[in-house]
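Hi,

Here is the structure I said I would pass on. Have a look at it, and my notes on side-chain contacts follow below.

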Amino acid sequence: MAIAKAERLMNLALCLLGTRRPLSKRELRDSIEAYVEAFGPGNGASGSDDSFNRMFERDKDDLRELGLVIETVESLDGEIGYMARRDSNRLPPITLDAEEAAALGLAAKVWQQARLAGAASGALQKLRAAGLPEDVDPYGSHGALEPRIPVHEAAFEPLMLACRDRRPVAFDYRKATAAHPEQRHVEPWALECWRGHWYLAGWDRDRGAERVFRLSRITGKVRSRGGRYTAEVPDVVTVRETVASWAGEIADRSARIRLRAGAGYPLRAKATSVRELGDGWDELEIPYGHGLDAWLVEFGPDVVVLEPAELRADVMDRLRAVAKG
């Protein structure tokens, strides 16, 4: 069945690319053997016409999804025709030097989940066919360290597709300070990875403001919602800055904490000052930005927040939420 569909799509693509004038549905139906075998000639019964129309629309959408630019043209007598101009479906020459090819190969090796791994492999094969230098191995080793961005959250793939298609979504989200999840309605912008965790940046319709969601706190299925975006999508740089801020990478203040000796080395690496207190404790001054409370909770009893009071209260709220399960 998959081979038959692939052959049908290939024949439809060739027909649209080979014509010099727009072809009507009837002409395409009579020209492609698979359509004739399934539905007969274009003057068949209305039932077969309806079935053909549905299949043709699906095939046309599949070809467009694959990247074929199909034009819809209306003639003077009102008849709709279709064609795919060669100049609209021809890519410019692709020239990559060794460093650019190496960067693409490295990016392809980052993804570990099957869906993106297959897409990356297919993209590199197309680049090779389009003229990627034969003496360049994009999969070759370029260092002792090999990047990995693991994706374990079930929400990643549907959110990735929703970001691509600009499609609003709904999902249940459990904040770190809450015992139970609540439903959120979001216009997703982009997915970003910080400190090994994936975050979704988008517009929260319920709160009327931009928000960042950690994927590991999304429970249940991501559900698609109809309608268009109501908020303007910012550029990629702005989205990354938003995620960085919410993930605690941007700090505009300082916090003072007590840290058990021999523990919390990531905190020590960010500290602007360290002072020994004795009795197995040190006092650190660290940058304080959004998300620091969530990070401090991960160190459990090895960290005690001294100031500011609002950070101490946020950490206590998160610990109580953890205790409640």
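A cut-off to start with: a residue is called buried when its relative accessible area is under 20%. Glu283 has 14%, so it counts as buried. Keep in mind that this is a predicted model.

Glu283 is a good way into the charged pairs. Its partner in a salt bridge is Arg256, with the closest N and O atoms 3.3 Å apart. That contact links distant parts of the chain, since Arg256 is in strand β8 (residues 251-260) and Glu283 in strand β10 (residues 281-289), 27 residues apart. Arg256 has 26% relative accessibility and therefore counts as partly exposed.

The structure has 25 salt bridges in total. Two others I looked at tie helices together:

- Asp62 pairs with Lys5, and their closest N and O atoms are 3.0 Å apart. Asp62 belongs to helix α4 (residues 46-65) and Lys5 to helix α1 (residues 2-18), with the two positions 57 residues apart in numbering. Both ends come out as partly exposed, because Asp62 is at 26% relative accessibility and Lys5 at 36%.
- Arg29 pairs with Asp49, with 2.5 Å between the closest N and O atoms. Here helix α2 (residues 25-31) supplies Arg29 and helix α4 supplies Asp49, 20 residues apart. Which end of this bridge is buried? Arg29 is, at 2% relative accessibility, whereas Asp49 at 22% counts as partly exposed.

There is also a network: Glu65, Arg164, Asp165 and Arg167 are joined by salt bridges that share partners.

Now the rings. I found nine aromatic pairs. Phe171 takes part in two edge-to-face pairs, one with Tyr173 and one with Phe213. With Tyr173, the numbers are 6.4 Å centre to centre and 65 degrees between the planes. With Phe213, they are 5.4 Å and 85 degrees. The Phe171 and Phe213 pair links distant parts of the chain: Phe171 sits in strand β3 (residues 169-173) and Phe213 in strand β6 (residues 209-214), 42 residues apart. Phe171 and Tyr173 are both buried, and Phe213 is buried too.

Elsewhere, Tyr35, Phe39, Phe52, Phe56 and Tyr82 make up one aromatic cluster.

One last contact brings a charge and a ring together: Arg258 lies over the face of Trp281, 4.9 Å from the ring centre.

Cheers

Terms used:
Residues are numbered from 1 along each chain as its sequence is written. This is a predicted model: local features need pLDDT of at least 70, side-chain atom pairs count only at pLDDT 80 or more; totals for chains, interfaces and linings use all residues. Side-chain values use heavy atoms; hydrogens and water are left out. A salt bridge is a side-chain nitrogen of Lys or Arg within 4 Å of a carboxyl oxygen of Asp or Glu. Helices (H or I, at least four residues) and strands (E, at least two) are DSSP runs, numbered from the N terminus. Buried means under 20% relative accessible area, exposed over 50%, partly exposed in between (1.4 Å probe, protein chains only). Rings of Phe, Tyr and Trp (its six-membered ring) pair if their centres lie within 6.5 Å; planes under 30 degrees apart count as stacked, over 60 as edge-to-face and the rest as tilted. A charge sits over a ring if NZ of Lys or CZ of Arg is within 6 Å of the ring centre and within 35 degrees of the ring normal.
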